[in-house]
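Reader: Could you walk me through the pockets of this model, and then the helix packing beside them?

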Amino acid sequence: MSIVIGTLLVAIVMLNLLDGFGVDPRAASLGGVLSILVLVLLAPLVRGSRHVFLAISVVIAGYCLLVLAAPGEVLWPALERASFIIGFFCALASLQHVAGRSPAITRAAAFLANQPPGRRYLALGFGTQVFALMLSYGALSLLGTMARRSAEQEPDPAVRALRARRMLQGAQCGFSASLCWSPLAFATVITTALIPGAMLGPVVAYGLVSALIIVVIGWLVDRRLKGTLPRGTVVPQRDAAAAHDVKSLRPLGWLLAAVAVPSILADVLWDVQPAHTVLGLVPLIAAVWVLIETRRGRWGELGARSRAYTFGDLPGYRAELVLLSTAGFIGTAAGALLLAWLSTHALDLSAIPSRVFLVLPILLIPLAGQLGLNPILFVSLFAQVLPSPEQLGVSTISLVMALITGWTLTAPTSPFTASVMIISRLGGVTPAEVAFKWNGAFVLLSALALGIWVQILA
């Protein structure tokens, strides 16, 4: 079964790559069909909320087939969205497979975790963003584990807990900030694809400003926590060698260049969206990485790692694949149905002041996250219902950044997100305590600052 599922997932990646480069117009539809087959095979292997999302998907598909005169107009775009999400996730997993086992990445993480207290939060806040490019949620696990080990050097339990909290919050702040701009994050890729006229290049550029705002606010909130340390507290010895190993950051710089430069060239020369370039580029980077780090038997090692990735890692992501793909399908299909219903009942949303539409995503997406709704679902639905930027009289980038901001703020404030669950496990507290007590003030201040930023962009 793992061989069958792994083969189908790799085929979906290839079909989306062919579609992105315009090689075969039928590739996207075939990818949608294979996605249905994958979900059928994965359904018995998942539990809980995944079955709820699968059931809702079946209900929506049944409604479209039985009621609509042209069900394909709703179902095919939704299936193609689900297929792209599966392909994009699987492509990124190839880089996670390699980076998670790389000594170079471990050295770079140790460099960040062993910085002096005065600049450690900023080091984690900015550094985690680059780690998230390669490892996604794995960046939190890696840096969070190192942060906890560093804090455990403190003999005083109260001080140890506070230091662990500050370091874990720094890593989570950086991870959340990466969602604003990372060309490998679903937040930027999905949102850019949903808003007509949006381009990934400007989204990355303005998203970097949003990321800076988030890290600065997180650092200011951390200053308040630092003042709660008892007077006379002695700072434990750090690993001085790791703290001064600046060269360990070189692989991160090479990775950024390897992802950014070809993506920009493909966009400029062939008008290929960077998100589709990534489908072929990231697995290629992962393969080259293996060849560079392997001293003997390189091609044999590459073959063994490829088999482990295809038939081991990919089928193991069954819960994530089901949740993300069905969320994309439900959001896309439900958004199209809701838009048709609004048109039938002559409800004109453009009558609402345009500036309000730039505030609603920042408020509603995190609130939906409190109910366990995945941001992919909510953004996919919400983006289709919104009037176009031209109708609202605002810039395209402001509307895109409003949606991305809501998605970003959901990551640290919903007890149901993977990032909060990882931090709660490493910190030894409940997800609710991380979401509300640890991150409450940080998220509220970030929402206010980013809301102003979005209004400026309008």
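**Pockets and packing**

Author: The second largest pocket holds about 450 Å³ of space (the volume filled by probe spheres on grid points joined across faces, edges and corners). The residues closest to its centre are Arg81, Phe84, Ala193, Gln273 and His276, out of 22 that line this pocket. This is a predicted model, in which local features need pLDDT of at least 70 and side-chain atom pairs 80 or more, while totals for chains, interfaces and linings use all residues. Residues are numbered from 1 along each chain, and side-chain values use heavy atoms, without hydrogens or water.

Reader: Which elements give two or more residues to that lining?

Author: Helix H1 (2–20), helix H4 (72–99), helix H9 (186–194) and helix H13 (274–293) do so.

Reader: And how does the lining divide by class?

Author: The lining of the second largest pocket has 11 nonpolar, 6 polar and 5 charged residues.

Reader: Switching topic, at what angle do H4 and H9 cross?

Author: The axes of H4 and H9 cross at roughly 150 degrees and come within 12 Å, and the two helices are therefore roughly antiparallel (angles over 145 degrees).

Reader: Which residues meet there?

Author: From H4, Arg81, Phe84, Ile85, Phe88 and Phe89 meet Phe186, Val189, Ile190, Ala193 and Leu194 of H9 (contact means heavy atoms within 4.5 Å). By class, this contact of H4 with H9 has 9 nonpolar residues, no polar and 1 charged.

Reader: Back to pockets, what is the volume of the largest pocket?

Author: The largest pocket has about 1100 Å³, and among the residues closest to its centre are Tyr137 and Asn374. Helix H6 (residues 117–135) gives the most to the lining of this pocket, with 4 residues.

How values were computed: 1 Å grid on protein atoms, 1.4 Å probe; cavity = no way out; pocket = protein on both sides within 12 Å on 5 of 7 lines; lining within 4 Å. Nonpolar A, V, L, I, M, F, W, Y, C, P; charged D, E, K, R; others polar. Axes fitted to C-alpha atoms, helices over the stretch in contact; angles between N-to-C directions. Parallel < 35°, antiparallel > 145°, perpendicular 65-115°, else oblique.
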